[in-house]
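Me: Please go through this model with me, one question at a time. Keep the answers short.

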Amino acid sequence: MTTASISDRHLDHAVAQVADVLHGKRRAPQVKAFFDESTFTVSYVVSDPATRRAAIIDSVWNFDQASGRTSFDSADRIVAYVEAQGLSVDWILETHAHADHLSAAPYLQQKLGGRMAIGHEIVTVQGVFGKIFNEGTGFARDGSQFDSLLEDGDVLAVGGIPLIALHVPGHTPADMAYVVGDALFTGDTMFMPDYGSARADFPGGDARQLYRSVRRLMKLPDETRVFLCHDYKAPNRDEFVWETTMLAERTANVHIHEGVSEDDFVAMRTQRDATLSMPRLILPSLQVNMRGGHLPEPEDNGVRYLKQPIDLL
Ligand SMILES: [Fe+2]
């Protein structure tokens, strides 16, 4: 799946698609962003203006850890937009199993329809975290919680605009990026040029793989619109920003602009990751997101519980 020749062919396909939009041979998709400030997450609705078909990428299910209460404020903003625009949702995608927020994919599917998909390597993540949370045989580790598992090079349709899935491991083993027309949804491979890159120290993460994944995406044309999954502001920046261009990433990304070697990136990333504390919601997020956005089954009193492993992570 990740041999050089096959990977390059899939990337070439994505490059050609972006070029087609830039040369006016193909429609550009419409992209609407929704920022969840409590987790610094950006969700997207990407749609084909001609057919009104759409995909939702990386939704947020709000969770208050102190009380254990959930709410759908973030997801309901997406529902309202989709309904107001008269869009039909065909896909509800995750770029990866997030460690910092819960996914609202099942809620959105129930409200709006569409098929839930994530990268095929989610099975690896389910294996690792199934062990960490000591899940029993009731927890399937085969990705069956999702409707589709995507491989590098898979092509989905957003109306008349193809969506090309690219496997970009490193932040986690299962990370995918999605190219839709001239728009790239990077997930957590890279952040704004002034902020840099995502950590690679979660179980299954790998800084060297992350470097290679980013270098691969950086072969997309300079004018590619780049949409990020998170923004945390950056030193000397007061606003949240989540859209940039590949030219800006390639030339100015503080961690991984062209000219930064693989070894230098790995050394920087490893050193920096050693200083980071765990994301606030990592324990609830992974227990829910490895189940495709579902909570564990209720206990015999009808209540659902999440686990808190002690001294393990
Ligand atoms: Fe992430």
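The questions and answers below cover the core, some helices and two backbone angles.

Reply: This is a predicted model, in which local features need pLDDT of at least 70 and side-chain atom pairs count only at pLDDT 80 or more, while totals for chains, interfaces and linings use all residues. Residues are numbered from 1 along each chain as its sequence is written.

Me: How many residues does the largest nonpolar core have?

Reply: A nonpolar core is a set of buried Ala, Val, Leu, Ile, Met, Phe, Trp, Tyr and Cys residues joined through C-beta atoms within 7 Å. A residue is buried if 20 or more other C-beta atoms lie within 10 Å of its own, exposed if 12 or fewer, and partly exposed in between, with C-beta atoms placed from the backbone. V46, A54, A55, I56, Y178 and L184 have the most contacts inside the largest core, and its residue count is 77.

Me: On which side or sides of α4 do its buried residues lie?

Reply: Helices (H or I, at least four residues) and strands (E, at least two) are DSSP runs, numbered from the N terminus. In α4, residues 122–132, the buried positions are I122, V125, Q126 and F129. The arc they cover around the axis, taken from the directions from the helix axis to the C-beta atoms, is only 100°, which puts them on the same side of α4.

Me: What do the buried residues of α4 pack against?

Reply: Two residues are in contact if their C-beta atoms, placed from the backbone, lie within 7 Å. The partners of the buried α4 residues are β7 (115–119), β8 (148–150) and α8 (282–289).

Me: Is N134 buried or exposed?

Reply: N134 lies in the loop between α4 and β8. N134 is not a glycine, yet its phi is positive, about 50°. Because 10 other C-beta atoms are within 10 Å, N134 is exposed.

Me: Where is K233, and what is its phi?

Reply: K233 sits in the loop between β13 (225–227) and β14 (243–245). With 14 other C-beta atoms within 10 Å, K233 is partly exposed. K233 is a residue other than glycine, and its positive phi is near 60°.

Me: What is the orientation of α5 to α7?

Reply: Axes are lines fitted to C-alpha atoms, for helices over the stretch in contact, and angles run from 0 to 180 degrees between N-to-C directions. Angles under 35 degrees count as roughly parallel, over 145 as roughly antiparallel, 65 to 115 as roughly perpendicular and the rest as oblique. The axes of α5 (residues 207–217) and α7 (residues 262–273) come within 9 Å and cross at roughly 125°. That makes the orientation of α5 to α7 oblique.
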